[in-house]
Amino acid sequence: MLSAESAEDEQLWQQHLDSSIFNTGPVIDMPVPASFNDITQDPSLENYIGWVWYEKEVLLPLRWLQGDPAPRVVLRFGSAHYYSVVWVNGVQVVEHEGGHLPFEADISSVVQGSPDPLCRITVALNNTLTPHTLPPGSIQYMADKSRYPKNYFVQDTKFDFFNYAGIHRPVVLYTTPAAYIDDITVTTTSSDSVARVQYQVSVVGSTANSLSLSLRDQEGKVVATGDGAVGELKVLNPNLWWPYLMHENPGYLYSLEVKMQAQVGEVLLEDVYTLPLGIRTVHVTSTQFLINGRPFYFHGVNKHEDADIRGKGLDWPLIVKDFNLLRWLGANSFRTSHYPYAEEIMDLCDAYGIAVIDESPGVGIKLPESFGNKSLQHHLAVMEELVRRDKNRPSVVMWSVANEPASELPPAAHYFKTVIAHTKALDPSRPVTFVTDANYALDRGAPYVDVICVNSYFSWYHDPGHLEVIPLQLTAQFDNWYKTYQKPIIQSEYGADSVPGLHSDPPMMFTEEYQQAMLREYHSVLDKKRKEYVIGELIWNFADFMTNQGTTRVLGNKKGIFTRQRQPKAAAFVLRDRYWKIANESSCLPPVITSHSFYLK
């Protein structure tokens, strides 16, 4: 249930905690996971900014509440936008800032100290963005009382997607033994016939423990074993993790089973965790991106977690549909623009062999105050959460720390040097980038990244309607960036809006023909530069998505090659023909893939 209100009144807060929110005012049935904005017919919820309250009562199994030692009971949120305070049975158990990464709380002492198995979970959630959040924002108060009601304000943001809010990913209760496996870190290396898996396991709750590890292939055969908290597994003749269309068996995953036994008092406890594991290496040169020692060219998309009604809420049918479309398209990669995606999406990337540029929520960093120490410390904490969550995923081949920041500002140099260095220290095995659209001569973050990601919209935001300028301007863009930094480049965004069913010949802006023509102009330059130092191209965007209302947006951003309902526009077929052509040129597979067929794993 959801209740929306101003939470400035401390008495209202206390009323919510003393008893159910049903007793404090009107409530609304609200599905979880989902954004709350589009669920009801109440227009005030569409653009609501402030506190909302969620509440759910569940009965816990008695075996969770008893025992000596009793199990550890954990409450976990996949994500909630953006600032969360959580209580269980009126007792605060966790606070979390940030809207795209998981957080959890050990609630054992709360629920096991109660004689009642009923567990009341209360969440206060605030979607207000400030100059120090990720993404940043600001509140603009309209003081002119002749034009605006009293205390009228709007949330101002510098990003082009709708600020959906709510509990967007699953909320789960689970248990572990009192001593448990807290974390696992794996890195892999490989040669012609041998792979090495370095591992580190963290145990909490007991120092008197033993660990054993078994690595199994997809047929369930044990191919390597180990013991102890730190070590290395050697795999002979390994099956490597390859991206889609780069190998006949993409996305190969082993299963690393970690077993812990620990003595707690007079009881011997056991915890078991199984980690999907892909063996692959990533390396960057001045002109190439190498996966398992072979050149990899990103031909993929940018996406959004966005759909009708549920907003950013996790939706399994939609996720599976999107992956089917990616494979139909011949896409081998995507960027998680502009925030970390759900773990369920990342699981499928691992399994299907879709390479991922994993991006933080650092989008719209435009204000000078957003480069101060307060913002920096939060950005570092977000990168720690992101790396901890996704560090073991073979699909994640690069970290992106931000998108289109005001990196020309003087404070940006220290800011991004610190964030990038921190990310590399957290995970030395992956390259780091951030995505820019700034002038190459003024960009203060580029010297510290491993790959240059550039967004440009020639003949759309610049010289609108003039397709003839693209070859000259795009070539100059690439040459200037490479001459300055001598690093491989990804065209990380390009595209044009098209309204489905709107046609014009000769092509005019917003028609499907114009979107097709723009793609072809970009592709003609990319075909030349990918023979030199350009290592990828990601279309903006996979599908149309919702934005704030404005004079340049008609029910959202229409740059998708698919509609918001996942139906193809004409541009989807242009891109499909191109991606399958590139795949055939670079694949080790026999050239049997055509634009009218595609490989199913």
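These are my notebook entries on strands, helices and one loop residue in a predicted model.

**Entry 1: the barrel.** I began with the closed sheet. Eight strands form a barrel, and following the pairing gave me the order β21-β22-β23-β24-β25-β26-β27-β28. The pairing is parallel. I then looked up the twist, which averages 25° from one strand to the next.

**Entry 2: strand β21.** I took β21, residues 298-302, and checked how enclosed this strand is. Five of its five residues are buried, so β21 is largely enclosed by the rest of the structure. The cut-off behind that word is a relative accessible area under 20%.

I next looked up the partners of β21. With β28, residues 534-539, the strand shares four bridges, and the two run parallel. Within this pair I found Gly300 opposite Leu538 of β28. With β22, residues 333-335, β21 pairs over two bridges, again in the parallel sense. Here Val301 has Phe334 of β22 as its bridge partner. I followed the chain from β21 to β22 and passed through helix α5, residues 316-329; this β-α-β crossover is right-handed.

**Entry 3: α5 against α6.** Having reached α5, I looked at how this helix packs on α6, residues 343-352. The axes are 11 Å apart and the angle is about 35°. I noted the crossing of α5 and α6 as right-handed. On the α5 side, the contact is made by Trp316, Ile319, Phe323 and Arg327. On the α6 side, I listed Glu344, Ile345, Leu348, Cys349 and Tyr352. Sorted by class, the contact has seven nonpolar and two charged residues, with no polar ones.

**Entry 4: β25 with β26.** I moved on to another pair in the barrel order. Strand β25 covers residues 432-436 and strand β26 covers residues 452-455; two bridges join them, and they run parallel. I placed Val435 opposite Cys453 of β26.

**Entry 5: helices on the barrel strands.** I looked up two helices that lie on the sheet. Helix α7 packs there, touching β23 and β24 (396-403). The direction of α7 makes about 160° with that of β24. Helix α10, residues 512-529, lies across β27 (489-493) and β28. Against β28, I recorded α10 as running at about 165°.

**Entry 6: Leu367.** Where does Leu367 sit? I found Leu367 in the loop between β23 (355-359) and α7 (373-390). The relative accessible area of Leu367 is 26%, which makes this residue partly exposed. I also checked Leu367 against Pro136, which is 231 residues away along the chain. Their C-alpha atoms are separated by 8.5 Å.

**Entry 7: the open sheet.** I turned to a sheet of three strands, in the order β11-β12-β15. This sheet is open, and its pairing is antiparallel. Which strands stand at its edges? I found β11 (180-190) and β15 (230-236) there. Each has a single partner strand, so one side of each is left without a neighbour in the sheet. On average, neighbouring strands of this sheet are turned by 25° against each other, direction ignored.

Last, I looked at the pairing of β12 with β15. β12 covers residues 194-204, and seven bridges join β12 to β15 in the antiparallel sense. In this pair, I noted Gln200 opposite Val230 of β15.

Technical notes. Residues are numbered from 1 along each chain as its sequence is written. This is a predicted model: local features need pLDDT of at least 70, side-chain atom pairs count only at pLDDT 80 or more; totals for chains, interfaces and linings use all residues. Side-chain values use heavy atoms; hydrogens and water are left out. Buried means under 20% relative accessible area, exposed over 50%, partly exposed in between (1.4 Å probe, protein chains only). Two strands pair if DSSP finds at least two bridges between them. A crossover is right-handed if, with the strands pointing away from the viewer, the path from the first strand over the helix to the second runs clockwise. Axes are lines fitted to C-alpha atoms, for helices over the stretch in contact, and angles run from 0 to 180 degrees between N-to-C directions. A crossing is left-handed if the near helix is turned anticlockwise from the far one by less than a right angle, and right-handed if clockwise. Contact means heavy atoms within 4.5 Å. Ala, Val, Leu, Ile, Met, Phe, Trp, Tyr, Cys and Pro count as nonpolar, Asp, Glu, Lys and Arg as charged, and the others, Gly among them, as polar.
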